Amino acid sequence: MDNKIRGLHHVTAIASDPQRNLDFYVGLLGLRFVKRTVNFDDPGSYHFYFGDRRGTPGTILTFFPWPGARRGIRGTGQIEATAFAISPDSIRYWLERLKQQHVTAERTSTRFGEEVIRLIDPDGLLIELIAAAAGVSPANIEPWPQSPVPAEHAIHGFHSVSAALEGYERTARLVTESFGYRLVDESGNRFRFASPDESVPGRIIDLLCQPDTAVGRVATGSVHHIAFRTKDEAEQLQWRKHLVDLGYNVTPVIDRTYFHSIYFREPGGVLFEIATDPPGFTFDEKVEELGRHLCLPPWMESSRSQIEEILPRIEVPPTS
Ligand code: ZN
């Protein structure tokens with residue numbers, strides 16, 4: 001495979017109450033509500049997308065809010081933590097903000113020289129804010145001016161994800177030999193791999209080797225899958241062929257309206273997706289209006305009134 005992976009496209013997790021999810025990620029963490037749509041495989045429930053002003057790949061955290069769904073169990077075969085990047089000058093601001101809002105958070109020991117704040121979202125999802133030594137190129141991220149978080153302390157897209165695995169070698173082989181990532185650091189059972197493209201958000205994946213940990217269960221409060229980015233549909237088809245040739249079971253290309261997707265399970269059990277950068281979230285809303293309307297894919301428009309009736313009412317938290 002000549003093409004390489006630049007970094008993450010999005011991370012998708014499972015929540016329970018949609019309003020609480022929205023309040024936390026928009027009202028507290030200050031991400032933009034980029035898209036309000038439904039789960040295409042279950043149109044009676046929402047699919048929320050949060051990110052920077054435009055929903056740039058590498059900044060997008062998405063949720064399926066399933067009211068009343070059971071809680072997941074942390075363990076191997078899943079993403080243990082999803083980390084966002086912040087400025088090293090923002091550690092104190094965030095510790096104070098999280099404390100004021102009664103969020104369970106702690107400053108952990110530094111990781112590869114960077115400060116880390118760990119926090120738990122209302123559904124038990126583990127989120128980290130990492131004071132990134134190297135910032136992403138401002139050309140590759142667009143701050144959201146209406147964020148309730150002041151611009152100097154804003155989240156700058158993903159820093160990394162940490163995957164908890166029984167063993168890490170086969171996953172390491174996939175991300176290095178196929179994706180083009182390199183082992184850039186290691187400490188204890190944590191092995192850090194990064195794409196060579198230092199300009200983009202979300203270029204790091206940490207593989208945690210945890211042979212003594214039980215297999216987890218993906219449900220509320222856990223990451224459902226992570227998506228890596230590819231530049232277009234032609235390249236995505238090359239990825240599909242490459243992965244099939246390596247022996248992976250890969251889904252056909254699925255139209256997710258804002259990107260096209262293929263999915264496969266990596267050797268450690270985490271569900272991986274490869275998603276196209278285009279067409280992006282301005283496909284059906286202007287950038288100024290992202291997140292304002294319930295957006296449905298064309299094939300669901302005829303059922304709009306029934307879908308709107310079933311979906312729980314939500315209110316977008318006030319912005320600055
Ligand atoms: Zn996805």
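This dialogue goes through the zinc site, the nonpolar cores, the aromatic pairs and the salt bridges of a predicted model.

Reader: Which residues coordinate the zinc ion, and through which atoms?

Author: A metal site is read by listing its donor atoms. In this structure the donors to the zinc ion are NE2 of His-10, NE2 of His-225 and OE of Glu-273, at 1.9 to 2.0 Å. Along the chain these donors follow the spacing H-x214-H-x47-E.

Reader: Where in the chain do His-10 and Glu-273 lie?

Author: His-10 belongs to strand β1 (residues 8-15) and Glu-273 to strand β16 (residues 271-276). The two are 263 residues apart, and the pair links distant parts of the chain.

Reader: Are His-10 and Glu-273 buried or exposed?

Author: Both His-10 and Glu-273 are buried. They also appear in the contacts of Ile-226, which include His-10, Val-11, Ile-79 and Glu-273 once neighbours within four places in sequence are left aside.

Reader: How is a nonpolar core read, and which residues touch the most other members of the largest one?

Author: A core is read by its members and by how they touch. The largest nonpolar core has 68 residues, and those touching the most other members are Tyr-25, Trp-94, Phe-179 and Ile-226. Helix α1 (residues 18-28) gives the most to this core, with five residues. Another core lies apart from it and has 11 residues, among them Val-34, Tyr-258, Phe-259 and Phe-281.

Reader: How many aromatic pairs are there?

Author: The count is 25 aromatic pairs. A pair is read from the distance between ring centres and the angle between ring planes, and planes over 60 degrees apart count as edge-to-face. For Tyr-49 and Tyr-258 the centres are 6.2 Å apart and the planes stand at 75°, so this pair is edge-to-face. Tyr-49 is in strand β3 (residues 42-51), while Tyr-258 is in the loop between β14 (254-255) and β15 (260-265), 209 residues apart.

Reader: Why does Tyr-258 count as buried?

Author: The cut-off for buried is under 20% relative accessible area. Tyr-258 has 1% relative accessibility, so it counts as buried. Tyr-49 is buried as well, with a relative accessible area of 4%.

Reader: What is the geometry of the pair formed by Tyr-248 and Phe-264?

Author: That pair is edge-to-face, with 5.3 Å from centre to centre and 65° between the planes. Tyr-248 lies in the loop between α4 (233-245) and β14, and Phe-264 in strand β15, so the pair ties together parts 16 residues apart in sequence. Rings can also be read as a group: one aromatic cluster is formed by Phe-24, Tyr-25, Phe-33, Tyr-46, Phe-48, Phe-50 and Phe-63.

Reader: How many salt bridges does the structure hold?

Author: It holds 20 salt bridges. To read one, take the two side chains, the distance and the place of each partner. Arg-20 forms a salt bridge with Asp-123, and their closest N and O atoms are 2.9 Å apart. Arg-20 is in helix α1 and Asp-123 in the loop between β7 (114-120) and β8 (126-131), so the pair ties together parts 103 residues apart in sequence. Arg-20 counts as partly exposed at 36% relative accessibility, whereas Asp-123 counts as buried at 3%.

Reader: Which residues are joined into one network by salt bridges that share partners?

Author: Start with the salt bridge between the side chains of Arg-111 and Glu-128, at 2.8 Å from N to O. Both residues are buried. Salt bridges with shared partners join Glu-80, Arg-111, Arg-118 and Glu-128 into one network.

Definitions and conventions: Residues are numbered from 1 along each chain as its sequence is written. This is a predicted model: local features need pLDDT of at least 70, side-chain atom pairs count only at pLDDT 80 or more; totals for chains, interfaces and linings use all residues. Side-chain values use heavy atoms; hydrogens and water are left out. A nonpolar core is a set of buried Ala, Val, Leu, Ile, Met, Phe, Trp, Tyr and Cys residues joined through side-chain atoms within 4.5 Å. Buried means under 20% relative accessible area, exposed over 50%, partly exposed in between (1.4 Å probe, protein chains only). Helices (H or I, at least four residues) and strands (E, at least two) are DSSP runs, numbered from the N terminus. Contact means heavy atoms within 4.5 Å. Rings of Phe, Tyr and Trp (its six-membered ring) pair if their centres lie within 6.5 Å; planes under 30 degrees apart count as stacked, over 60 as edge-to-face and the rest as tilted. Donors are N, O and S atoms within 2.8 Å of the metal (3.2 Å for Na, K and Ca); water is not among the atoms, so sites may look incomplete. A salt bridge is a side-chain nitrogen of Lys or Arg within 4 Å of a carboxyl oxygen of Asp or Glu.
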